Amino acid sequence: MNGKRTKHKDKLADVTGKELTETEEITVMLDLLIEELDRKGIIDRKEYNRLLAMRLHEISKARAFEELNEEI
């Protein structure tokens, strides 16, 4: 079997990777993309994070208002 070997209770055990969810994979891809864009000077990570926080807040508020309107 392929994989790293680790000592577990005085026995060698094969360690294989755990399958990632689609959300986890997309998150990793986006994180890597942002890192590369920042490293190359194409974007400013701090500014991106600031804009992202604002956008997430806007979406969250909009959804809350939608739910309130549905209840009325």
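## A starting point: Glu-22

Let's begin with one residue of this predicted model. Glu-22 belongs to helix α1, which covers residues 22–39. Is Glu-22 buried or exposed? Glu-22 is exposed, because its relative accessible area is 62%, and the cut-off for that label is over 50%.

Glu-22 also has charged company. Together with Glu-19, Glu-24 and Glu-25, Glu-22 makes up a patch of negative charge on the surface.

## The overall layout

With that residue in mind, we can step back to the whole chain. The chain contains two helices and two strands. In what order do the elements run from the N terminus? The order is β-β-α-α.

How much of the chain is buried? Of the 72 residues, buried ones account for 1%. The chain exposes about 7300 Å², and 55% of that area is supplied by carbon and sulfur atoms.

## A nonpolar patch

Charge is one part of the surface story; here is another. Ile-26, Met-29, Leu-30 and Leu-33 form a nonpolar patch on the surface. Together, these four residues have about 370 Å² of accessible area.

One of them, Leu-33, is part of helix α1. Leu-33 counts as partly exposed because its relative accessible area is 44%, a value that falls between the limits of 20% and 50%.

## Salt bridges

Next come the charged pairs. Side chains of opposite charge can pair when their charged atoms come close. How many salt bridges does the structure hold? There are four, and three of the pairs are described here, one after another.

Arg-39 pairs with Glu-36, and their closest N and O atoms are 2.7 Å apart. Both residues sit in helix α1, three residues apart, which is about one turn of the helix. Arg-39 is exposed, since its relative accessibility is 56%. Its partner Glu-36 is partly exposed, with a relative accessible area of 29%.

## Two further pairs

Asp-38 and Arg-45 meet through their side chains in a salt bridge, at 3.9 Å from N to O. Asp-38 is partly exposed, with a relative accessible area of 30%. Arg-45 is partly exposed too, at 30% relative accessibility.

Another salt bridge joins the side chains of Arg-55 and Glu-58, with 3.9 Å from N to O. Where do Arg-55 and Glu-58 lie? Both are in helix α2, residues 45–71, and they are three residues apart, about one turn of the helix. Arg-55 counts as exposed because its relative accessibility is 53%. Glu-58 is partly exposed, with a relative accessible area of 47%.

## How confident is the prediction?

A last look goes to the confidence values. The chain has a mean pLDDT of 86, and 81% of its residues reach 70 or more.

Which element has the lowest confidence, and which the highest? Strand β1, residues 4–8, is lowest with a mean of 55, while α1 is highest at 96. Where pLDDT is low, the predicted coordinates should not be read in detail. Helix α1, with the highest confidence in the chain, is also home to Glu-22, Leu-33 and the pair of Arg-39 and Glu-36.

Key
Residues are numbered from 1 along each chain as its sequence is written. This is a predicted model: local features need pLDDT of at least 70, side-chain atom pairs count only at pLDDT 80 or more; totals for chains, interfaces and linings use all residues. Side-chain values use heavy atoms; hydrogens and water are left out. Patches are made of residues with over 30% relative accessible area and no salt bridge: like charges are joined within 9 Å, nonpolar side chains (Val, Leu, Ile, Met, Phe, Trp, Tyr) within 5 Å. Accessible areas come from the Shrake-Rupley method with a 1.4 Å probe; for residues, only the protein chains shown count as cover. Lys and Arg count as positive and Asp and Glu as negative; His and the chain ends are not counted. The place of a charge is taken as NZ of Lys, CZ of Arg, CG of Asp or CD of Glu. Helices (H or I, at least four residues) and strands (E, at least two) are DSSP runs, numbered from the N terminus. Buried means under 20% relative accessible area, exposed over 50%, partly exposed in between (1.4 Å probe, protein chains only). pLDDT is the predictor's confidence in each residue, from 0 to 100.
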